[in-house]
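Work through the exercises below with the sequence and the model at hand. Each task is followed by a solution in steps.

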Amino acid sequence: MLPFVLVTTLFFLWGIPNNLNDILIRQFMKSFEINRLQAGLVQSAFYMGYFLLALPAAQLMQRAGYKAGILVGLCLYGTGCILFWPAAIIGQYWFFLMALFVIASGLAFLETASSPFIAQLGPAETAAQRLNLSQAFNPLGCITAVLVGARFIFSGVELNQAQVAAMEAAGTYQSYLRSETLRVVVPYIVLGTVVLFWAVLIARTPFPHVGLDDSPKSAAGEQGPSLFKRKHFMLAVLAQFLYVGAQVGTWSYLITYAQAYTGVAERRAGYLLTGALVAFTVGRFISTSILRYVPAARLLCAYAVINAAICTAAVLRPGWLGVGCLIAASFFMSMMFPTIFALGIKGLGAQTKTGGAAIVMAIVGGAVLTLVMGKIADACGLALAYVVPAACFAGIALYAWLGADSKVEEPAS
């Protein structure tokens, strides 16, 4: 029970930096005077860490187990947070991107280890329900991140062109930009300290031997068909790519969407994002209960169809209706990541760690599709950019309807 609780808490801890990114995008647009596409590099640097480090994480855990992977992940995560201090002192955008890459590298280890660990703690038939329960604590971290970011990172000072010109004439504008940059330091230093403390707790806790892929027999060689020949697994990787791209894109631009089409101030827009995360949290707990009675793939399909329609409405009717649609979409996104993950690794046996790592690598969708949304937003308007998540949810619905059956073990044609 103690390892279960400690690992479940990790879902909370990695939710914080994921959603602080949404705050950073808006903050860096202000403090570094960059456009949406350039600010989208926050997500690109972050999710490239996932993409590049997930397989090394799996290889480490093949040899040393889940606990070793979790400890490495926590150390990288904490170190990346501490790097925000020198990044702010130097005042260079690229340094912040490097720190975010280090944080995400740590999260790649944590997610590659934690989700399979929880999934393999009990019967395979209830893995989706068990993962949804642990993942329910992830949006609590997301909510914490947005509340902290809106309160301690956003200053509430938004200058118009006349005020900027006046400050430039007085020679105070650069000092103002520097003060805005420094506002990100304290939240990340506190977060890094907590993360490194949690690493000490886990280091002192015995972990159980979990999963077929930890056995000596499995260490000598994987059994069964190649992962590339498992149709349900390969489609799960694609579905996860689409899902993370849709989720990250929806939340990354929600603050600027609300400001652009409703005229609210940045702090109030930040609280609207908090509302979306509350909906996500409620959806996670409700969906965990529904999964006791409804097959995971069927519920995933229904939620994805609803979200495709909701995001289309946000494109066609920007304004308060569109904001409401995007908040509602968060409720239906809630069960997608853990459900796709559980369906994807089901039946992989000795290949579970490698398969889990590949699904975690698909998180790079958050980097790729957020940039696509930024490019569309700069060229055609932010509302139209939400065509991207709408298309992603349509793809997830097709996956859930046609390709999520883990009984399909024949080579993919």
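## Exercise 1: the cavity

The lining of the largest cavity in this predicted model divides into 11 nonpolar, 6 polar and 3 charged residues.

Task: state how many cavities of 30 Å³ or more a search of the whole structure finds, and describe the space and the lining of the largest cavity.

Solution.

Step 1. The search of the whole structure gives 1 cavity of 30 Å³ or more.

Step 2. The largest cavity holds about 240 Å³ of space. Its lining is made of 20 residues, and those closest to the centre are Asn18, Glu111, Asn138, Gln247 and Phe337.

Step 3. Two or more lining residues come from each of helix H1 (2-31), helix H3 (41-64), helix H8 (138-153), helix H13 (231-252) and helix H15 (266-290). H13 supplies the largest share, 5 residues.

## Exercise 2: the nonpolar cores

Task: find which residues have the most contacts inside the largest nonpolar core, and list what leucine 10 touches beyond its neighbours within four places in sequence.

Solution.

Step 1. The largest nonpolar core has 142 residues, and Leu10, Tyr77 and Tyr243 have the most contacts inside it. Helix H6 (residues 93-119) gives the largest share of this core, 16 residues.

Step 2. With neighbours within four places in sequence set aside, leucine 10 is in contact with Ile70, Leu74, Leu110, Ser114, Trp198 and Ile202.

Step 3. A second core, separate and of 5 residues, includes Val164, Met167, Tyr173 and Leu177.

## Exercise 3: aromatic pairs

Task: give the geometry of the pair formed by phenylalanine 84 and phenylalanine 96, then that of phenylalanine 331 and phenylalanine 332.

Solution.

Step 1. A pair of aromatic rings is described by the distance of the centres and the angle of the planes. The structure holds 24 aromatic pairs.

Step 2. For phenylalanine 84 and phenylalanine 96 the centres are 5.2 Å apart and the planes meet at 70°, an edge-to-face pair. The pair links distant parts of the chain, with phenylalanine 84 in helix H5 (residues 84-90) and phenylalanine 96 in helix H6, 12 residues apart. Both phenylalanine 84 and phenylalanine 96 are buried.

Step 3. Phenylalanine 331 and phenylalanine 332 also form an edge-to-face pair, at 5.0 Å centre to centre and 75° between the planes. Phenylalanine 332 has a relative accessible area of 18%, and buried means under 20%, so phenylalanine 332 is buried.

Step 4. Ring pairs join Phe28, Phe32, Phe84, Tyr93, Phe96 and Tyr188 into a cluster.

## Exercise 4: two partly exposed residues

Task: decide whether glutamate 33 is buried, partly exposed or exposed, do likewise for phenylalanine 152, and place each residue in the chain.

Solution.

Step 1. Glutamate 33 lies in the loop between H1 and helix H2 (36-39). Its phi is near 55°, a positive value in a residue other than glycine.

Step 2. The relative accessible area of glutamate 33 is 47%. Partly exposed covers the range between under 20% and over 50%, so glutamate 33 is partly exposed.

Step 3. Phenylalanine 152 is in helix H8. Phenylalanine 152 counts as partly exposed because its relative accessibility is 48%.

Step 4. Outside its neighbours within four places in sequence, phenylalanine 152 is in contact with Arg183 and Pro187. Glutamine 92 is 60 residues from phenylalanine 152 along the chain, and their C-alpha atoms are separated by 21 Å.

Note on methods. Residues are numbered from 1 along each chain as its sequence is written. This is a predicted model: local features need pLDDT of at least 70, side-chain atom pairs count only at pLDDT 80 or more; totals for chains, interfaces and linings use all residues. Side-chain values use heavy atoms; hydrogens and water are left out. On a 1 Å grid over the protein atoms alone, a cavity is a set of points where a 1.4 Å probe fits but cannot get out, and a pocket is an open set with protein on both sides within 12 Å along at least five of seven lines; lining residues have an atom within 4 Å of a point. Grid points are joined across faces, edges and corners, and a volume is the space filled by probe spheres set on the points. Helices (H or I, at least four residues) and strands (E, at least two) are DSSP runs, numbered from the N terminus. Ala, Val, Leu, Ile, Met, Phe, Trp, Tyr, Cys and Pro count as nonpolar, Asp, Glu, Lys and Arg as charged, and the others, Gly among them, as polar. A nonpolar core is a set of buried Ala, Val, Leu, Ile, Met, Phe, Trp, Tyr and Cys residues joined through side-chain atoms within 4.5 Å. Buried means under 20% relative accessible area, exposed over 50%, partly exposed in between (1.4 Å probe, protein chains only). Contact means heavy atoms within 4.5 Å. Rings of Phe, Tyr and Trp (its six-membered ring) pair if their centres lie within 6.5 Å; planes under 30 degrees apart count as stacked, over 60 as edge-to-face and the rest as tilted.
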